[in-house]
Amino acid sequence: MWKIKPPITYALEAKYRPHLETLVPTDPMSLFNLKRGSPEEEFPTLKYNYTCMASILTPKLYARQFNRATQSGVIFDDVIRPGLEEPGELHGPMSVGCVAGDGQSYILFCDFFDRVIEAYQNHKMSKLQESDFNHDNLKGGDDFDRDYALSCEVSVVRGVDDFGFPTHCSRGERRQLLMLAKKALDQLAEELPGKLYSRAELSHDKEDKGVAVGAPSLSQLRNGVARDWPDSRAVWISKDGTLVVWVNIDDHLRLVTTRDDANIAEAFQCICVNILKLEALYKKLRHPFIWKQQLGWVVSSPADVGTGLRASVRVKLQHLPRHKRLEDVLKRLRLRMDNTDCSEVYNISNAQTIGLDEVGFTQLVVDGVKLLIRMEKRLEGEEKIDDLVPLQK
């Protein structure tokens, strides 16, 4: 008969255990006195919810997250609230339907977030994320046919370590983030002259800065991003107009560069050079950008983790949008096509932000736009495009 051996007792462990136990942080949930029922009673109604969150969430998964809270007080209901407030439409585009309140959310609620990222971004979380801001590795991007490619934009978002994300951060945190941004951008301005404007200054300034600033969207009001608006929201604009940095809007930082000549190679270079400078400056200020090997660059939305990069080109297409194989072509190219305010003009951008590095995703857009333009020319001549349909990227 098997005998269970008693656990081995180590003298030093027994001596220091009481002290070590005092160092274990208190479970944040034990500090709350939330008037909640059981997980079964609190499980949300998802019958007419068409978000990615709703397709993933089950009663068992909800119950596992129910009694967890991050050190800053984010609970699971905070994470899924955006999807409950905006359930989407059956035949509309699927939104991600959830948001992280802080960087720790991705760790504490990892079994939920990992499933959402895998489903929404079609990416296996077992793969490690890489980063590459060497713009010289990008091939092409400066030679689009200007009769079709009208303009381009490249943006990248970043989250700052030790702070809650905009959906959850306090007023004080938001003001500290603005002070950090001001210090970093003042140093950046030594090489790239620019000025930081508060949200209120831009609203009352009659001079056109080339930046559209409006009231908070309904989505921002619902998910908590617009709390205390416009307190500590700001926009930094370079003097030459090549770079805009949004502070405390949807994320801690969003760098955007737009070009009217559709030269995405130059736009990507501008982002690469300046995000690396800001990364070094924030490290110097002892508040680095959040990076996790499995997730890459960590930001508030699981739809943006990995690289946080969006590269897009506005393209004039008349025949291709009506072609029966368009959806299959875009899926194979790993691109998305969105309508714009202009008829027959579409925004072509990367569909995912995780799985490849920054150069890789920008290269997908460059190669994909060239192929779509080539297909459009074929269709103009009433020729077939079947031989141009690519294999899965």
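This briefing describes the sheet, the helices lying across it, the nonpolar cores and some backbone and cysteine details of the structure above. The model is a predicted one. Its eight-stranded open sheet has antiparallel pairing, and helices α11 and α13 each lie across several of the strands. The largest nonpolar core holds 67 residues, and another core, of 32 residues, lies apart from it.

**The sheet**

- Read across the open sheet, the eight strands come in the order β2-β3-β4-β5-β1-β8-β10-β9, and their pairing is antiparallel.
- Strands β2 (194–198) and β9 (335–339) stand at the edges with a single partner strand each, so one side of each is left without a neighbour in the sheet.
- On average, and with direction ignored, neighbouring strands of this sheet are turned by 20° against each other.
- Strands of a sheet pair through backbone hydrogen bonds, which may be arranged in a parallel or an antiparallel way.

**Strand pairs within the sheet**

- The edge strand β9 pairs with β10 (residues 345–350) in the antiparallel sense over five bridges, and within this part of the sheet R336 has S349 of β10 as its bridge partner.
- Seven bridges join β1 and β5, again in the antiparallel sense, and the bridge partner of V157 in β5 is R254.
- Strand β4 (residues 244–247) pairs with β5 in the antiparallel sense over four bridges, with V247 standing opposite L253 of β5.
- β4 and β5 also form a hairpin with five residues between them, and N248 belongs to its turn.

**Helices across the sheet**

- Helix α11 (residues 264–284) lies across β1 (149–158), β5 (253–259) and β8 (309–316), and its direction is at about 155° to β5.
- Helix α13 (residues 358–380) lies across β1, β8, β9 and β10, and runs at about 10° to β8.

**Nonpolar cores**

- In the largest nonpolar core, with its 67 residues, the members that touch the most other members are L243, I264, L278, Y282, V313 and M375.
- When its neighbours within four places in sequence are left aside, V313 is in contact with F144, A149, S151, C152, I264, Y346, N347, I348, V365 and V369.
- The other core lies apart and has 32 residues, among them M53, F76, V96 and I290.

**Backbone details**

- Most residues other than glycine have a negative phi, and most peptide bonds are trans.
- The peptide bond from W229 to P230 is cis, with omega near 5°, and P230 lies in the loop between α10 (218–223) and β3 (234–238).
- N122, although not a glycine, has a positive phi of about 55°; this residue is placed in the loop between α7 (110–121) and β1, and with a relative accessible area of 66% N122 is exposed.
- N248 is likewise not a glycine and has a positive phi of about 65°; N248 sits in the loop between β4 and β5, where its relative accessibility of 2% counts as buried.

**Cysteines**

- The number of disulfides comes to zero, where a disulfide would require a pair of cysteine sulfur atoms within 2.5 Å.
- For C272, the closest cysteine sulfur is that of C270, and because the two sulfurs are 9.3 Å apart they are too far from each other for a bond.
- C272 counts as buried at 0% relative accessibility, whereas C342 is partly exposed, with a relative accessible area of 38%.

Definitions and conventions
Residues numbered from 1 in each chain as written. Predicted model: local features only at pLDDT ≥ 70, side-chain atom pairs only at ≥ 80, totals over all residues. Heavy atoms only, no water. Buried < 20%, exposed > 50% of the residue type's maximum accessible area, 1.4 Å probe, protein only. Pairing = 2+ DSSP bridges. Helix = DSSP H or I, 4+ residues; strand = E, 2+ residues; numbered from the N terminus. Axes fitted to C-alpha atoms, helices over the stretch in contact; angles between N-to-C directions. Contact = heavy atoms within 4.5 Å. Core = buried A, V, L, I, M, F, W, Y, C linked by side-chain atoms within 4.5 Å.
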